[in-house]
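The following exercises ask the reader to work through contacts, helix packing and salt bridges. Each task is followed by a solution in steps.

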Amino acid sequence: MFDKLRTIFQIPELRRRILFTLGLFVVYRMGEHLPTPGVNAHALAGAFESQRGNLFGLYDLFVGGAFSRATVFALGIMPYISSSIILQLLGAVVPYFEKLRKEGEEGQKKLTQITRYGTVMISIIQSFAYSVFLVNLGASQGLSVVPAPGAVFTFSTILTQTTGTIFVMWMGEKITEHGIGNGISLIIFVNILGGLPNRVLAGYDTFRAGSLSILTIMASLAIMVTVIASVVGMTQGVRKIPVQYAKRIVGRRMYGGANTHIPLRVNTAGVIPIIFASSLLILPATVAGFFPPTNPLSALGQWFNPLGVLYNVLYALLIIGFTYFYTAVVLNPNDLAENMRKYGGFIPGIRPGRHTAEYIDRVLTRITLPGAIFLAAVAVLPDITIASFGAPFMGFGGTSVLIVVGVALDTLQQVESHLLMRHYEGFVKRGRIRGRQRM
């Protein structure tokens, strides 16, 4: 293992990318401890304890605890993800966005710019709701979280939170461009892992106090290990469609005649549906933040309790829907069939062109269904089971494990690709990851 790590840092480009990514992680973690002006941190800590089990607690997990501490990164990267969701949904129904998506690099640049503008708008709305939430937080407990509420506090909160979100978005894009892995996913990955030590310590304190039995801890750990193993297996599962390329003579040289396959992953969408569904379900809590506790609409956030029936049913359905949607976005059967036909490739027993596209689409639809149901089940069931045991690991259940394992595997595959392109032995000697060399 140490030899492999030493090999990684012997490659200048890979070493630079990893150090660049780690450096931005340090900057991000420092920003998570910069407080928002005008907030009483001691009163905030006491008042937020009542929010641990609801949707705000889940949001706090995704932003590394910055939401509960009211730091300048309290909104995290979630407004950017919400903007991406909206834009991708518009791309499926609005011809202009669909046209931009097909224009290649130039179209992608315009879509990225529109996503950034959308992120700013959503950040302004959510930061305003967050300022109202902070003012009303702790009122029923007699705690003054914001000693001097008013227009100045609202403006400063909107300014600091929107600026913080823009900076986090910039760091995520730079990690993707100059670092290793997907920057947006890695930021959420770091946030989830950053809260793990506190949760372990909380579990240990609960165990010492006698409120938690050793049997409950063992059962919770067994569930987490099972989930991790199943996530790894499902993430690496592929359906191989055989492809043959006919021989072609160009000048005096012969090309083609090779046999290969199209690897269709059971979980093509990765962890994106989980992140998308979580971001969408945070919107009701954002709306509830606009209203004082006396308004009936303020209870909207309580209806979407992560342990409630309504939340989990909608969560599962959204995950399944986003899995199909995102798979259709990233993998177009018509494009695959056209590229195969252009280079003389065909699937044995299937006519090239439209019939090939229909066959790929049929296979993709069939293998996506178990993958989507698996994502929904793993995201919902472990959290409910662990919470029913009374374990303090709530929030580090199925959703967190899916994101952590998925992002870790994707990043590891990128490291593998850098090593194999330079004729080094891969980081993993056995398994599917090492075999995925880019052609």
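**Exercise 1.** In this predicted model, determine which residues Leu134 touches, leaving aside residues up to four places away in sequence.

*Solution.*
Step 1. With those sequence neighbours set aside, the partners of Leu134 are Val39, Leu44, Ala70, Val145, Val146 and Phe153.
Step 2. Place Leu134 in its wider setting: the largest nonpolar core has 73 residues, and Leu134 is among the six that touch the most other members. The others of this group are Ile77, Ile81, Val145, Tyr315 and Ile403.
Step 3. Note that a second core of 12 residues is separate and includes Val243, Met340, Ile347 and Ile367.

**Exercise 2.** Describe how helix α9 and helix α10 are arranged, and state which residues of the two helices meet.

*Solution.*
Step 1. Locate the helices: α9 covers residues 151-178, and α10 covers residues 183-194.
Step 2. Consider the axes, which cross at roughly 115° and come within 7 Å of each other.
Step 3. List the residues in contact. Helix α9 contributes Val168, Gly172, Ile175 and Thr176, while α10 contributes Gly183, Ile184, Leu186 and Ile187.
Step 4. Sort the contact by class: 5 residues are nonpolar, 3 are polar and none is charged.

**Exercise 3.** The structure holds 7 salt bridges. For the one between Arg29 and Glu32, state the distance from N to O and decide whether Glu32 is buried or exposed.

*Solution.*
Step 1. The side chains of Arg29 and Glu32 meet with 2.5 Å from N to O.
Step 2. Apply the cut-off: a residue is buried when its relative accessible area is under 20%. The value for Glu32 is 0%, so Glu32 is buried.
Step 3. Arg29, at 25% relative accessibility, counts as partly exposed.

**Exercise 4.** Examine the salt bridge of Lys109 with Glu106 and that of Glu177 with Lys174. How many residues apart are Lys109 and Glu106 in helix α8, and how many are Glu177 and Lys174 in helix α9?

*Solution.*
Step 1. In the bridge between Lys109 and Glu106, the closest N and O atoms are 4.0 Å apart. Both residues lie in helix α8 (residues 105-136); because they are 3 residues apart, about one helical turn separates them.
Step 2. For Glu177 and Lys174, the N to O distance is 3.8 Å. These two residues of α9 are 3 residues apart, again about one turn of the helix.
Step 3. Turn to accessibility. Lys109 is partly exposed at 48%, Glu177 is partly exposed at 47%, and Lys174 is partly exposed at 24%.

Conventions:
Residues are numbered from 1 along each chain as its sequence is written. This is a predicted model: local features need pLDDT of at least 70, side-chain atom pairs count only at pLDDT 80 or more; totals for chains, interfaces and linings use all residues. Side-chain values use heavy atoms; hydrogens and water are left out. A nonpolar core is a set of buried Ala, Val, Leu, Ile, Met, Phe, Trp, Tyr and Cys residues joined through side-chain atoms within 4.5 Å. Buried means under 20% relative accessible area, exposed over 50%, partly exposed in between (1.4 Å probe, protein chains only). Contact means heavy atoms within 4.5 Å. Axes are lines fitted to C-alpha atoms, for helices over the stretch in contact, and angles run from 0 to 180 degrees between N-to-C directions. Helices (H or I, at least four residues) and strands (E, at least two) are DSSP runs, numbered from the N terminus. Ala, Val, Leu, Ile, Met, Phe, Trp, Tyr, Cys and Pro count as nonpolar, Asp, Glu, Lys and Arg as charged, and the others, Gly among them, as polar.
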